[in-house]
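Visitor: I have a model open and want to learn how to read it. Could you take me through some features one at a time?

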Amino acid sequence: MLGDQKVLFSGMQATGNLTLGNYLGALKNWVNISDEYKTFFCVVDEHSITVRQDPAELRRRARALLMLYIAAGLDPEKNCIYYQSHVSGHAELAWILNCYTYMGELQRMTQFKDKAAKHADNINAGLFTYPVLMAADILLYQADVVPVGVDQKQHLELTRDIAERFNSIYGDVFTIPEIYLGKVGRKIMSLQDPSKKMSKSDENPNGSIYLMDDKDTIIRKFKRAVTDNEACVRYNDNQPGIKNLIDIYCACKGISTEDTEKEFDGKGYGDFKIAVGEAVAAELIPLQERFHELEQNKDYVDKIIKDNAEQASYFANKTLRKVQKKVGFPERIK
């Protein structure tokens with residue numbers, strides 16, 4: 001905790017194009033809660049290279065992601081928005097924590113098993129120790145709270161275990177982070193397969209709305225969205241496609257499911273799909289306009305990158321020096 005203000009840490013990988021699911025499920029909520037905490041929002045580029053990346057493309061996506069954080073409404077003067085790779089403390093602390101993490105713990109991580117199955121030709125050590133780097137990301141800033149998706153919950157539980165193990169040996173070094181339990185982001189599903197989460201890596205481009213999709217593309221994708229034969233706009237589990245569209249509409253309009261059902265009572269799916277598309281476009285157009293402004297202002301973005309990396313490094317080094325001293329590394333001569 002920094003002063004009386006609790007610390008919040010989160011980040012996204014610099015791979016793929018952000019979807020409406022990433023925005024409504026995470027990014028929009030970050031903006032809504034950012035004033036309540038001392039925040040560190042990381043562009044997670046070191047994690048990204050567990051899978052082979054094109055170097056130029058990774059650099060481009062990392063910069064675009066950082067600009068999307070700002071375009072969505074995160075003020076870089078109030079929130080520390082930075083590249084993971086620009087703060088060496090992430091990798092340095094990860095090595096130390098590797099030595100306090102057991103092989104059996106990492107072998108139980110379901111995400112490692114899933115990714116190893118997808119990338120059988122590149123099951124590298126980084127893929128295996130990914131959760132330790134994530135633990136370092138969080139513990140480096142003494143984060144009190146971490147908003148994570150369901151797929152990352154197991155990693156956060158491991159982070160807590162590692163921190164508690166280290167503290168039991170060396171005293172009160174790390175803050176034990178809690179899963180963020182505030183306003184929960186809606187889980188947005190694929191428009192083409194509502195049993196699956198909307199994904200950056202979906203092979204069917206019609207399944208996902210990307211944050212930089214133009215209005216015509218957004219409307220077209222919603223017109224093609226999978227629904228059912230019941231022909232009524234009702235929020236229930238037997239109509240997963242319509243339920244997903246209602247979730248999206250409610251999140252963009254700031255209204256309840258009941259209000260949505262009343263608004264579209266007696267209307268067909270065609271009208272509803274177009275209305276959802278219009279609501280999403282209205283939500284994303286200001287973000288897109290701000291993003292294009294940032295693209296044209298290279299010096300401003302470069303200054304944010306430099307200043308926030310320095311700020312993040314300052315806080316990271318406070319923790320890192322303490323940890324290095326605890327484990328017995330020689331003190332640095334000033």
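Visitor: Start with a single residue. In which helix does glutamate 157 lie?

Guide: Bear in mind that this is a predicted model. Glutamate 157 sits in helix H8, residues 153-170.

Visitor: Is glutamate 157 buried, partly exposed or exposed?

Guide: Buried means under 20% relative accessible area, and exposed means over 50%. Glutamate 157 has 39% relative accessibility, so it counts as partly exposed.

Visitor: How far apart are glutamate 157 and isoleucine 179 in space?

Guide: Their C-alpha atoms are 8.7 Å apart, with these positions 22 residues apart in sequence numbering.

Visitor: Now a loop residue. Where is asparagine 229, and is asparagine 229 buried or exposed?

Guide: Asparagine 229 is in the loop between H9 and H10. Its relative accessible area is 81%, so asparagine 229 is exposed. Try another distance there. Asparagine 229 and serine 34 are 195 residues apart along the chain, and 42 Å separates their C-alpha atoms.

Visitor: On to strands. How many residues of strand S2 are buried?

Guide: Seven of the seven residues of S2, residues 38-44, are buried, so the rest of the structure largely encloses this strand.

Visitor: Which residues point which way from S2?

Guide: Here is the general idea. Side chains of a regular strand alternate between the two faces of the sheet. Now the case at hand. Lys38, Phe40, Cys42 and Val44 point one way from S2, while Thr39, Phe41 and Val43 point the other way. All of them are buried.

Visitor: In what sense do strand S1 and S2 pair?

Guide: They pair in the parallel sense, over seven bridges. S1 covers residues 7-13. To find one bridge on screen, take valine 7: its partner in S2 is lysine 38.

Visitor: Next, a helix. Why does the length of helix H10 agree with what it should be?

Guide: Use 1.5 Å a residue, times one less than the number of residues. H10 has 14 residues, 240-253, and therefore should span 20 Å; its end C-alpha atoms are 20 Å apart, which agrees.

Visitor: How many residues of H10 are buried, and against which helices do they pack?

Guide: H10 is mostly covered, with 11 of its 14 residues buried. Among them are Gly241, Asn244, Asp247, Tyr249 and Cys252. The buried residues pack against helices H1 (20-33), H9 (215-223), H11 (257-263) and H12 (269-295). Look just past the helix too. Glycine 254 follows H10, and its phi is positive, near 70°.

Visitor: Let's turn to empty space. What is the volume of the second largest pocket, and which residues lie nearest its centre?

Guide: Its volume is about 310 Å³. The lining has 18 residues; Asn17, Arg60, Ala64, Leu68 and Phe291 lie nearest the centre. The elements giving two or more residues to this lining are helix H3 (55-71) and H12. H3 gives the most, with seven residues. By type, the lining of the second largest pocket splits into 10 nonpolar, four polar and four charged residues.

Visitor: How many cavities of 30 Å³ or more are there?

Guide: A cavity differs from a pocket in that a probe fits inside but cannot get out. The count here is one cavity of 30 Å³ or more. The largest cavity holds about 40 Å³ of space.

Visitor: Which residues line the largest cavity?

Guide: Gln111, Phe112, Lys115, Leu127, Tyr130, Pro131 and His155 do. Helix H6 (110-118) and helix H7 (125-139) are the elements that each give two or more of them. The lining of the largest cavity has four nonpolar residues, two polar and one charged.

Definitions and conventions: Residues are numbered from 1 along each chain as its sequence is written. This is a predicted model: local features need pLDDT of at least 70, side-chain atom pairs count only at pLDDT 80 or more; totals for chains, interfaces and linings use all residues. Side-chain values use heavy atoms; hydrogens and water are left out. Helices (H or I, at least four residues) and strands (E, at least two) are DSSP runs, numbered from the N terminus. Buried means under 20% relative accessible area, exposed over 50%, partly exposed in between (1.4 Å probe, protein chains only). Contact means heavy atoms within 4.5 Å. On a 1 Å grid over the protein atoms alone, a cavity is a set of points where a 1.4 Å probe fits but cannot get out, and a pocket is an open set with protein on both sides within 12 Å along at least five of seven lines; lining residues have an atom within 4 Å of a point. Grid points are joined across faces, edges and corners, and a volume is the space filled by probe spheres set on the points. Ala, Val, Leu, Ile, Met, Phe, Trp, Tyr, Cys and Pro count as nonpolar, Asp, Glu, Lys and Arg as charged, and the others, Gly among them, as polar. Two strands pair if DSSP finds at least two bridges between them.
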